[in-house]
Amino acid sequence: MTEVASNQPVDANSGRGHLLDLGAFVGELTVEDDLPSDDISLEGLEQELQDCKTDDVVATILSKGTKLRDYTKDVENNLRQIELDSIEDYIKESDNLVSLHDQIHDCDTILSQMENILSGFQAEIGSISSDIKILQEKSMDMGLKLKNRKAAESKLAKFVEDIIVPPRMIDIIVDGEVNEEYMRTLEILSKKLKFVQIDAMLKTSKALNDVQPELEKLRQKAVSKVFDFMVQKLNALRKPKTNVQILQQSILLKYKYVIQFLKEHGKDVHVDVRAAYIDTMNKVLSTKIRAYIQALEKLQLDIATSNDLIGVDTRSTSLFLRGREPLKNRSAVFALGERINILKEIDESALIPHIAEASTKRHPYEVLFRSLHKLLMDTAASEYLFCDEFFGEQSMFYEIFAGPFSVIEEHLNTILPNCFDAIGLMLMIRIIYQYRLIMSRKRIPCLDSYLDKVNISLWPRFKMVFDMHLNSLRNANVRTLWEDDVHPHYVMRRYAEFTASLIQLNVDYGDGQLELNLERLRMAVDDLLVKLAKLFQKPKLQTVFLINNCDMTIAVLKVNYDSQVKYDPKGEIQEFFSSLNLAACLMFW
């Protein structure tokens with residue numbers, strides 16, 4: 001192209017300021033004559049012209065005023081000069097180029113030789129790779145064979161070990177003493193017997209025909225020997241003054257595998273040993289508990305008889321009955337006093353009869369009752385855990401203790417019908433409740449049914465004795481009880497102490513039935529108190545009598561209220577007598 005510039009100045013006010021006069025530029029272009037008109041296409045020319053407006057090179061050419069044809073010629077001349085200079089430089093460097101060509105040729109020869117060498121290496125490596133692959137396949141095959149042989153060797157070695165009967169084992173089973181080594185040998189024999197019975201592969205083995213008879217002989221010998229051993233140990237339990245629990249824990253538990261062996265390989269003998277143990281312990285424990293009960297009976301202090309009732313006249317009965325110690329105060333029959341300490345000593349050790357007897361001290365029956373059941377609880381817990389660990393059975397405990405339970409029930413059936421001590425009966429009920437909690441915390445349920453049965457037998461007896469007290473008030477002969485004295489009546493003192501005692505024993509138990517019975521008792525004594533007051537001729541004496549008795553009752557209840565525990569939480573009984581006392585005072589004034 002030829003660089004063209006416009007010589008005309010640009011009008012500053014014109015909207016085409018700083019734009020090129022492309023009309024003049026286009027007018028200077030010529031088309032070669034030898035180009036046919038059909039080959040020239042003006043399509044897109046206008047777009048190219050618009051693009052040239054913003055081209056920096058075109059703008060520079062036009063700004064110099066040079067025509068495009070002249071600029072084109074200058075460019076061609078420059079290119080031609082550069083070409084000539086390049087040719088001249090090439091001629092000057094021809095020697096170097098020849099040398100470079102020779103060097104390239106030499107390098108190509110060397111590379112060709114290296115290619116041949118590497119091709120040889122590649123072929124050799126391919127051959128080695130093939131050999132390695134073959135060795136690898138052989139190695140894998142050998143490894144598999146070795147693994148199979150080791151597995152076969154392991155199974156065969158285990159098979160031989162399980163089926164072979166070592167001479168040492170025969171000597172121990174036949175001639176050895178039953179000890180720890182004998183236990184270990186029994187375990188080995190048990191494994192071999194199980195292996196012979198269970199392993200299906202062994203049934204097709206000829207070794208079975210040689211080994212099985214020997215194993216059977218050893219089994220029979222072992223069963224016979226451990227049976228004799230167990231019979232010997234069971235006989236030791238029958239000896240007098242034998243500490244059964246020590247013998248169980250220190251000796252029998254060491255040989256608990258004997259029972260497992262018999263259960264697996266001598267079921268008939270196991271049944272016999274189990275039955276012999278149950279029979280032995282049943283008799284031993286029954287005998288010991290019966291002897292203990294007989295010893296306790298010598299320590300018993302009778303508290304009350306059928307005549308020791310709230311509403312019975314003191315002049316018609318005597319406290320000094322046969323087999324009973326004299327009491328300093330007749331009201332002690334109805335007062336709880338220190339007898340409540342038995343509940344604080346609930347988990348103390350059982351009484352030792354010969355030591356207690358030496359002190360010549362006698363105890364209320366609830367003390368003996370607690371001691372008996374403490375002994376029963378400790379013995380039962382020990383036996384229950386021993387049966388579970390030694391025989392692997394808990395159910396046999398109930399077969400063992402059927403005898404001891406029967407002995408205790410027989411004893412209670414003798415004692416309870418002659419027991420008229422309501423406070424003692426309530427203490428026994430609370431003792432049973434506490435022992436149930438103790439056994440529950442230990443998670444030993446073996447005495448649940450027995451304690452329920454005892455509890456069921458105690459409540460009706462307590463209700464009967466309580467009703468006897470209630471009826472003694474309802475059916476009391478007022479004229480016989482009446483004394484020409486306005487001081488508190490002994491019947492009211494009995495009632496106050498008896499009520500305070502039962503309410504105190506109901507703390508933390510919330511027995512609604514007992515509260516209902518106490519309300520019935522209060523109504524009966526209220527009625528009797530009014531009847532006694534009416535026997536006084538003067539109203540003033542009647543009022544004083546009521547005030548004195550109510551005041552005494554409130555004082556007894558208050559003393560117990562201010563003691564260690566709060567009883568009568570609703571305060572209904574104390575409130576009643578307070579109201580009655582206030583009414584009597586108002587009448588007096």
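Where is the place of Ser382? In this predicted model, Ser382 sits in helix α14. At a relative accessible area of 15%, Ser382 is buried, since the cut-off for that class is under 20%. Setting aside neighbours within four places in sequence, Ser382 has contacts with Gln245, Gln248 and Gln249.

Before going further into single residues, the chain as a whole can be described. Its secondary structure comes to 23 helices and two strands. The protein chain has 589 residues, and 39% of them are buried. Of the contacts between residues at least 6 apart in sequence, 79% join residues at least 24 apart.

Helix α14, the helix of Ser382, also takes part in covering another helix. Helix α10 spans residues 256–265, and its buried residues are Tyr257, Val258, Ile259, Phe261, Leu262 and His265. The cover over these buried residues includes α7 (180–198), α8, α11 (267–297) and α14 (365–391).

Helix α8 has a further partner. Two packed helices are described by the angle between their axes and the distance between the axes. For helix α6 (residues 167–175) and helix α8 (residues 207–238), the angle is about 35° and the axes are 9 Å apart. The crossing of α6 and α8 is left-handed. On the α6 side the contact is made by Met169, Ile170, Ile172, Ile173, Val174 and Asp175, and on the α8 side by Leu218, Lys221, Ala222 and Lys225. These contact residues divide into seven nonpolar and three charged, with no polar residue among them.

Past α8 the chain enters the loop between α8 and α9 (244–250), where Lys241 is placed. Phi of Lys241 is near 60°, a positive value in a residue other than glycine. Lys241 is exposed, with a relative accessible area of 86%. Another residue to consider for its backbone is Arg443, in the loop between α17 (422–441) and α18. Phi of Arg443 is likewise positive, near 60°, and this residue too is one other than glycine. Arg443 has a relative accessible area of 76% and counts as exposed.

The loop that holds Arg443 leads to α18, and His469 lies in that helix, which covers residues 448–474. Is His469 buried or exposed? His469 is buried, because its relative accessible area is 2%, and the limit for a buried residue is under 20%. Its side chain reaches the backbone nitrogen of Ile310 at 3.2 Å. Apart from residues up to four places away in sequence, His469 touches Asp308, Leu309, Ile310, Phe334, Ala422, Phe498 and Leu521. Ile310 therefore appears both as a residue touched by His469 and as the one whose backbone nitrogen its side chain reaches, the cut-off for a contact being heavy atoms within 4.5 Å.

Thr305 lies in the loop between β1 (300–301) and α12 (341–344). With 17% relative accessibility, Thr305 counts as buried. Which separation in sequence and in space do Thr305 and Asp421 have? They are 116 residues apart in sequence, and their C-alpha atoms are 7.5 Å apart in space.

A second pair of this kind involves Asn549, a residue of helix α22 (residues 539–561). Asn549 and Met492 are 57 residues apart in sequence, with 6.6 Å from C-alpha to C-alpha. Met492 is also among the contacts of Asn549 beyond four places in sequence, which are His487, Pro488, His489, Met492 and Leu529. The side chain of Asn549 reaches the backbone oxygen of Phe545 at 2.7 Å. Asn549 is buried, with a relative accessible area of 0%.

The cysteines remain. A disulfide is a covalent bond between the sulfur atoms of two cysteines. How many disulfides does a search of the whole structure find? The search finds zero. Two cysteines can be described by their accessibility. Cys107 is partly exposed, with a relative accessible area of 43%, whereas Cys419 is buried, at 10%.

Note on methods:
Residues numbered from 1 in each chain as written. Predicted model: local features only at pLDDT ≥ 70, side-chain atom pairs only at ≥ 80, totals over all residues. Heavy atoms only, no water. Helix = DSSP H or I, 4+ residues; strand = E, 2+ residues; numbered from the N terminus. Buried < 20%, exposed > 50% of the residue type's maximum accessible area, 1.4 Å probe, protein only. Polar contact = N/O pair within 3.5 Å; in protein donor to acceptor, adjacent residues only side chain to side chain. Axes fitted to C-alpha atoms, helices over the stretch in contact; angles between N-to-C directions. Left-handed = near helix turned anticlockwise from the far one by under 90°. Nonpolar A, V, L, I, M, F, W, Y, C, P; charged D, E, K, R; others polar. Disulfide = S-S within 2.5 Å.
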